[in-house]
Amino acid sequence: MQSEPDLDRFDSRRSTVYANRGMVATSQPLAAQAGVSILRDGGNAFDAAVATAAALNVVEPTSTGLGGDVFALYRTADGDVGAMRSCGPAPAEATIEAVSTALENDAEFDRYYPSSRGYAVDGTESGDDLEMPFLGPHAVTVPGTARGWEATVRELGRKTLGEVLEPAIRYAIDGFPVSPVIAHHWRAADTLFTDEHAREAYLFDGRCPDPGQTVALPQLGDSLRTIAEDGADVVYEGDIADAIVDEVRSAGGFMSRDDLADFEPEFVDPISTTYNGAEVYELPPNNQGLIALEALNIAEEIGAGDRAYDSPDRVHAFAEATKLAFVDGHRYVTDPAFEGIPPLASKSYARERARAIGDEPIRDPAIGVPNANAEDADTVLLTVGDEDGNLVSYINSRFAGFGSGLVAGETGIALQNRGASFSLDPDHPNRLEPGKRPFHTLVPAVAKLADDDWLAFGVMGGYMQPQGHVQVLSNLVDYGMDPQAALDAPRWRYREDGTLGVEKRLPNAAKLARRGHDVRVLPPVTFGGAQLVRRRGGTLAGATEPRKDGLPIGY
C-alpha cells in the first residue's frame with residue numbers, strides 16, 4: 001500500500017553548492033550524477049545536459065521522455081548566447097475539420113479515451129466536444145526529443161550521442177529506486193494507461209511503484225540502446241517511427257511516416273530584455289519566453305522590485321505585471337512561421353501596459369490559457385556549467401505527466417499531448433493547422449547579471465514557468481539572495497480562474513486579500529520546480545528546487 005504524499009513537503013535544508021570544474025542541478029539525484037559522470041569523463045556542459053535529460057527520461061518518466069520535445073538556452077565558453085528549439089508540429093492530415101469530425105463520430109476514440117473530450121485529468125467534464133482533447137491520438141504532435149539531443153551533442157558537445165546515453169541505458173536496464181515526489185506523480189499511470197502494452201511498460205505487477213522501490217524499464221532501455229547505436233533517425237525513419245505511427249493511427253489519429261521524417265530541430269536567436277541591470281535571454285515563440293520578458297519589463301516600469309520584500313505591495317505589483325503579460329502572450333503567441341512574432345518584449349509596450357496597474361487587482365483579465373487542464377502540468381529542467389565557461393539551461397517535456405496516454409508499441413516511449421494546446425476555433429491565432437507547432441510552455445533561460453556573472457536557470461510547471469522566472473530573477477537582482485535562497489523563497493502564482501495562489505509561508509498574504517485579491521493558499525508542489533547554475537568568475541554555484549527530489553552536484 002502506497003502512503004499518502006506530503007503535499008506540504010518543503011525541504012529547506014539545502015544550501016548553495018559551489019565547485020570549479022563542473023555543476024549539474026536537476027530534480028532527481030541519479031540524473032544529476034549521470035551528467036557529472038560525463039563531465040568527469042571529458043564531456044562539456046552540452047554533453048552533460050543530454051546525458052542528464054536522457055537519465056531523467058528513465059528515472060523521472062512521469063514528466064519527460066523521448067515522446068516529447070526539448071529546448072535549450074545557453075551561453076558558450078566563447079561568450080555567444082544561443083538557443084535550440086526541437087518541438088514537432090501537428091501531422092499534415094490534422095486539420096480542424098478532421099479532428100472535429102473524429103471527436104464527434106469516432107466511437108473507437110471514445111472507447112479507449114472516454115475522458116478526452118474537453119476533459120480534465122481526473123475525468124470530469126471541462127468543456128464541449130469542440131475543445132482540443134487533452135489525451136488521446138489527436139493530442140500527439142511530432143516528438144522532438146531524439147533529434148534535439150543528437151543536434152545538441154553534434155553541434156555543441158564533444159562526445160557522441162551513444163556515449164552520453166550510456167548512463168540512462170544502465171538505469172533503464174539495471175533498475176533504479178524511485179524517489180518520493182516522482183512516486184507520487186507515477187500514480188497517474190494507473191488510470192491513464194489503458195492498453196496492456198502501456199501498463200506493461202510502466203506498471204509493476206499492475207501497480208505504480210512505491211517510494212524507494214527499485215524498478216527497471218527494459219523496453220525504454222532497449223529503445224535508448226537502439227538510438228545510441230543507430231542514431232536519432234531510428235525514431236523518425238526506422239522501426240521506432242513505425243511503432244509511433246502505428247500507435248497513433250490505430251487509435252484514430254493522423255500521424256504519418258512523412259510527418260516524422262520531415263522533422264528537424266532548429267538553432268534560433270534568443271530574444272532578450274534588461275531588468276534592473278540584468279540582461280535576460282529567453283526563447284522566441286512558440287513558447288512562453290515573451291511572457292516572461294514582458295512581465296519583467298512591466299515590473300521594472302512600475303518599480304515592483306523597489307518594494308520591501310515582505311510587503312504585500314511587492315507581490316501585488318509583480319502579480320499584476322505578470323497577469324497583463326499572460327493576457328498578451330496567450331492572445332498572440334503561436335508558431336511564428338504562421339503568425340510572426342508579436343512585439344511584446346519592447347520597453348515602450350511595457351510602459352503602455354503598465355498604465356493599467358493600480359492599487360487594486362485588475363478584474364477579469366481573461367488570460368485564456370491554451371488548455372486550462374494543463375495549468376499545473378509538470379516537466380523536467382536541468383542546468384549545467386563546466387570549467388570552460390559553458391552554461392546551459394535544458395528543458396525536456398511531454399507537456400503533462402505521461403502525456404497522451406499512448407505508448408508506442410513495445411518501445412516504452414510514452415507520446416506527448418502537446419497538441420492539446422491548439423485551438424479548434426478557426427479564428428484563434430493558435431488554431432490547429434497541418435504542420436503547425438502548438439503554443440509551448442517550455443522556457444529555459446539565461447541571464448547576465450554583471451560582467452563575468454552568468455546564470456542558467458528555469459522554473460518547471462506549466463503556466464508557473466514565466467511567473468517563476470520573474471520571481472527567481474527578482475530575488476537575485478532586487479533582493480541580493482544567494483542562489484539557493486532565491487529558490488527557497490515563498491512563491492505566488494496567478495491562476496487562470498483569476499485567483500492568486502500563495503504558499504502559506506508567504507509574508508502578509510492576508511493583506512493581499514484585503515487589497516482585493518482572491519487569495520488561495522496552495523501546497524508547495526503547486527509552485528513549480530526551479531534549477532539554477534551560476535558562473536561568477538571561475539566559480540560555479542548550483543541550487544535546486546526544495547519542492548522536488550533533486551540535488552545540485554558539483555566537482
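This note goes through some aromatic pairs, one charge over a ring and two buried residues in a predicted model.

1. Aromatic pairs overall. The structure contains 10 aromatic pairs. Two of the pairs described here share F402, and points 2 to 4 deal with them and with the cluster around them.

2. W186 and F402. These two rings form an edge-to-face pair, with 6.1 Å centre to centre and 65 degrees between the planes. The pair links distant parts of the chain. W186 is in helix 7, residues 180-186, while F402 is in the loop between strand 11 (391-397) and strand 12 (445-450). The separation along the chain is 216 residues. W186 and F402 are both buried.

3. F193 and F402. F402 also pairs with F193, again edge-to-face, at 5.2 Å centre to centre and with 65 degrees between the planes. F193 lies in the loop between helix 8 (189-192) and helix 9 (196-202), and F402 in the loop between strand 11 and strand 12, so this pair ties together parts that are 209 residues apart in sequence. Both F193 and F402 are buried.

4. The cluster. Which residues join W186, F193 and F402 in one aromatic cluster? They are Y202 and F204.

5. A charge over a ring. R314 is placed over the face of Y309, and its distance from the ring centre is 4.0 Å.

6. V58. This residue is in helix 2, residues 45-59. V58 has a relative accessible area of 0% and is buried. Setting aside residues up to four places away in sequence, V58 touches A168, Y171, A172, F176, L217, L220 and L224. A separate value concerns A31, which is 27 residues from V58 along the chain: the C-alpha atoms of V58 and A31 are separated by 8.8 Å.

7. E150. The place of E150 is in helix 5, which covers residues 145-156. Is E150 buried or exposed, and which side chain of opposite charge is nearest? E150 is buried, and the nearest such side chain is that of R154, 4.2 Å away. A salt bridge needs a side-chain nitrogen of Lys or Arg within 4 Å of a carboxyl oxygen of Asp or Glu, and E150 has no salt bridge. Apart from neighbours within four places in sequence, E150 is in contact with L161, G231 and A232.

8. Points to look at in the structure. A reader could start from F402, which pairs edge-to-face with W186 and with F193. V58 in helix 2 and E150 in helix 5 can then be viewed in turn; V58 is buried, and E150 is buried yet has no salt bridge.

Terms used. Residues are numbered from 1 along each chain as its sequence is written. This is a predicted model: local features need pLDDT of at least 70, side-chain atom pairs count only at pLDDT 80 or more; totals for chains, interfaces and linings use all residues. Side-chain values use heavy atoms; hydrogens and water are left out. Rings of Phe, Tyr and Trp (its six-membered ring) pair if their centres lie within 6.5 Å; planes under 30 degrees apart count as stacked, over 60 as edge-to-face and the rest as tilted. Helices (H or I, at least four residues) and strands (E, at least two) are DSSP runs, numbered from the N terminus. Buried means under 20% relative accessible area, exposed over 50%, partly exposed in between (1.4 Å probe, protein chains only). A charge sits over a ring if NZ of Lys or CZ of Arg is within 6 Å of the ring centre and within 35 degrees of the ring normal. Contact means heavy atoms within 4.5 Å. Lys and Arg count as positive and Asp and Glu as negative; His and the chain ends are not counted.
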